[in-house]
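Trainee: I'd like to take a close look at a single part of this model and learn how to read it. Could you walk me through it step by step?

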Amino acid sequence: MAFKNVIKSVFLTCLAIFSLNVSFANSGKEKEKLEIMHHISDAHEWHLFGETAVYLPIILIDGGLKTFSSKELYHHGTVVNVQVPEGSEPIEYIANAELGYAICHEKIYKLDANGELTFHEGHPKNLKPLDFSITKNTLSLFFGATIILVLMFSTASFYKKNGAVAPKGLAKFIEPLIVFVRDDIAKANLPKSKYLKYTPYLLTIFFFIFFNNLLGLVPILPGGANLTGNISVTIVLATLTLLITVFSGNKNYWKHIFATPGVPIALLPIMVPIEIVGVLTKPFALMIRLFANMTAGHIIILSLISIIFVNENAAWGFLSVPMGLFISVLELLVAFLQAYLFALLSSLFISAAVEEAHH
Amino acid sequence: MDLVTPNLGLMFWTGLIFVLLLFILTKFIWKPILSAVNTREKSISDSLELAEKTMAEMKSLQSQNENLLKEARAERDAIVRDAKEIATKMVEESKNTAKTEAEKIITSAREAINNEKVSAMAELKIQIAEFSIQIAEKVVRGELSSDEKQKALSEKLASDFQLN
Amino acid sequence: MIYGSIAAIGAGLAVLGAGLGIGRIGGSAMDAIARQPEAAGKIQGAMIIAAALIEGVALFGVVVGMLGGAK
């Protein structure tokens with residue numbers, strides 16, 4: 001019996017490391033699904049374990065700047081259960097009448113004159129103030145940016161101190177990545193005369209995605225947020241690539257879009273919209289690829305860990321922990337691969353825009 | 001649907017942080033690091049080039065050395081050959097001189113011998129002539145020692161003449 | 001007992017297509033590398049790009065599946 005307990009506790013420790021965000025109290029398939037969806041979405045608090053969470057500041061623009069801690073909502077607010085018709089999903093929200101705001105599905109709404117939210121087909125109809133809160137993902141973004149800056153500044157200071165010598169320590173890790181991006185992404189795809197102009201962007205996007213992907217795989221506080229698996233982040237990154245592509249497009253590039261050589265004029269009214277859609281789908285695919293890959297990775301790991309809680313039996317750890325570990329290791333590869341692909345495809349799109357005519 | 005609805009706040013923060021990051025990193029990090037890496041790569045390629053050049057130089061030096069060595073060897077061979085030739089010549093010459101000398105000595109010896117022989121013969125002839133004269137004297141003396149003998153001789157001589 | 005949503009079937013089909021596609025790419029790349037081992041680096045790069053493009057299409061399917069699943 002003692003032996004069984006030892007195994008149980010070892011497994012539970014492993015699980016605790018892997019799944020701090022999966023509450024032990026929860027059970028059942030639907031609840032796990034909500035839990036997973038909750039983990040991969042943004043939140044105004046950083047849930048640690050059990051009832052403990054880090055409450056993050058909420059910043060609203062609603063006729064002026066308004067800031068307060070999310071504790072005012074989560075902790076001091078009142079939970080309201082909405083009456084729903086039979087058969088549909090239950091809805092609940094947390095309202096703080098003093099502040100005049102309520103939070104429902106991690107979105108902030110302004111309370112109406114009666115101090116409540118009104119729902120229509122499961123969605124609140126109330127006004128939504130502009131929400132610039134430091135959410136879980138924003139905080140993770142700050143952490144990621146800080147890590148990148150610290151790492152990069154210490155790498156740069158190595159070169160400043162020692163001059164152009166063989167790298168040591170941290171520089172030994174960072175430099176091959178920089179050279180990899182410069183040679184295998186920028187130099188390999190962009191024209192020789194122009195690649196240096198775009199290398200800083202490609203380097204920044206590579207390291208930004210790479211480090212944030214890795215940070216997302218760390219299960220405890222500085223990491224664990226699904227930042228690069230959030231559509232808001234990937235849409236910004238993809239838009240930047242789109243803007244750079246469009247603004248560096250040369251005559252040749254626009255000619256291919258608006259007067260594709262070798263296409264009869266009668267076909268141009270069909271071709272031009274297709275080409276314009278083509279310009280937009282490329283960064284759109286970038287956006288979806290990064291978002292879906294990272295989100296899928298998080299969902300898979302959480303689902304494997306959730307097997308235990310769905311079945312309410314620690315013995316399932318024998319299945320779910322090795323598989324979770326395997327997928328975690330695979331996700332390390334994916335973290336690198338997605339950063340590489342984003343930078344690589346960005347460089348391909350830019351090179352299509354700056355390439356000189358060669359026929 | 002929440003999953004694929006972009007959130008304005010997060011988009012704002014992401015854009016802000018990313019653009020700041022891009023600016024700071026480009027200005028303070030990528031340029032120094034890339035230039036350091038470039039300098040190093042350049043220095044490495046320069047060193048490689050230098051090494052190659054030095055190697056080529058060394059090779060040419062080596063070939064020069066080899067040429068020198070070859071020349072020296074050829075010279076040595078020539079000297080040795082000359083020396084050998086001279087030696088053989090000298091030997092030959094000395095042999096020849098020795099031979100002629102010997103021949104000369106032999107001829108002179110032969111001449112001397114001949115001379116001696118001739119002089120000896122001459123002496124002998126003289127001696128013999130003397131001896132014959134002495135003998136003839138003695139004989140004549142003997143023949144003419146008595147009247148009878150003188151008479152007999154004259155008779156004999158006369159008979160000889162008579163024969164003629 | 002059957003439960004779950006039709007979206008799961010959609011996600012499964014998307015994965016099936018992507019698996020076939022990436023499998024073909026991998027197989028062809030192996031063939032090409034076996035034929036020309038000296039071009040392995042270039043073939044790998046092209047392989048990863050092509051695989052990423054296919055995977056992107058498959059992920060569209062998965063995302064649509066997720067939307068269906070999450071309502």
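Trainee: Let's make chain A that part: among its contacts between residues at least 6 apart in sequence, what percentage join residues at least 24 apart?

Mentor: Good place to start! Please keep in mind throughout that this is a predicted model. For chain A, 61% of the contacts between residues at least 6 apart in sequence join residues that are at least 24 apart. Let's see what sort of chain that number belongs to. Chain A has 359 residues, and 48% of them count as buried. Its secondary structure amounts to 10 helices and 11 strands. If you follow the C-alpha trace along its principal axes, it spans about 70 × 55 × 40 Å. The domain assignment divides chain A into domain 1, covering 57-133, and domain 2, covering 137-354. Taken over C-alpha atoms, the centres of these two domains are separated by 34 Å.

Now let's zoom in on some side chains. Side chains of opposite charge can pair when their charged atoms come close. Over all chains, the structure holds seven salt bridges. One of them brings together D62(A) and K110(A), with 2.9 Å from N to O. D62(A) sits in the loop between β3 (57-61) and β4 (65-69), while K110(A) is in strand β8, so this pair ties together parts of chain A that are 48 residues apart in sequence. How exposed or buried are the two partners? D62(A) has a relative accessible area of 18%, so it counts as buried. K110(A) comes out at 28%, so it is partly exposed.

Next, find R182(A). Its relative accessibility is 3%, so it counts as buried. The side chain of R182(A) forms a salt bridge with that of D183(A), at 3.0 Å from N to O. D183(A) itself is partly exposed, with a relative accessible area of 26%. R182(A) also meets the side chain of E41(B) in a salt bridge, at 3.0 Å from N to O. Here R182(A) belongs to helix α5 (residues 170-189) of chain A and E41(B) to helix α1 of chain B, so the pair joins two chains. E41(B) has 33% relative accessibility, so it is partly exposed. These residues are part of a wider picture: R182(A), D183(A), K187(A) and E41(B) are linked in a network of salt bridges.

Salt bridges are one kind of link to look for, and N252(A) offers another. You'll find N252(A) in helix α8 (residues 251-258) of chain A. Its side chain reaches the backbone oxygen of E355(A) at 3.2 Å. With a relative accessible area of 17%, N252(A) is buried.

The loops deserve a visit too. H105(A) lies in the loop between β7 (101-104) and β8 (107-110). Although H105(A) is not a glycine, it has a positive phi of about 50°. Its relative accessible area is 58%, so H105(A) is exposed. E312(A) also has a positive phi, near 55°, and it is a residue other than glycine too. Look for E312(A) in the loop between α9 (268-311) and α10 (317-354) of chain A. With a relative accessible area of 60%, E312(A) is exposed.

Finally, let's see how chain A meets chain C. There, 19 residues of chain A are in contact with 13 residues of chain C. The size of an interface is often given as the accessible area lost when the parts come together. For chain C and chain A, that area is about 1300 Å², with 79% of it on carbon and sulfur atoms. Sorted by class, the side of chain C that touches chain A has nine nonpolar, two polar and two charged residues. How many salt bridges are there between chain C and chain A? The count is zero. The number of residue pairs in polar contact across this interface is zero as well, counting pairs in which both residues are at pLDDT 80 or more. Set that beside chain B, where E41(B) meets R182(A) in a salt bridge.

Methods. Residues numbered from 1 in each chain as written. Chains lettered and ligands numbered in written order. Heavy atoms only, no water. Domains from an automatic or database assignment. Helix = DSSP H or I, 4+ residues; strand = E, 2+ residues; numbered from the N terminus. Buried < 20%, exposed > 50% of the residue type's maximum accessible area, 1.4 Å probe, protein only. Contact = heavy atoms within 4.5 Å. Buried area = accessible area lost by both parts, 1.4 Å probe. Salt bridge = Lys/Arg side-chain N within 4 Å of Asp/Glu carboxyl O. Polar contact = N/O pair within 3.5 Å; in protein donor to acceptor, adjacent residues only side chain to side chain. Nonpolar A, V, L, I, M, F, W, Y, C, P; charged D, E, K, R; others polar.
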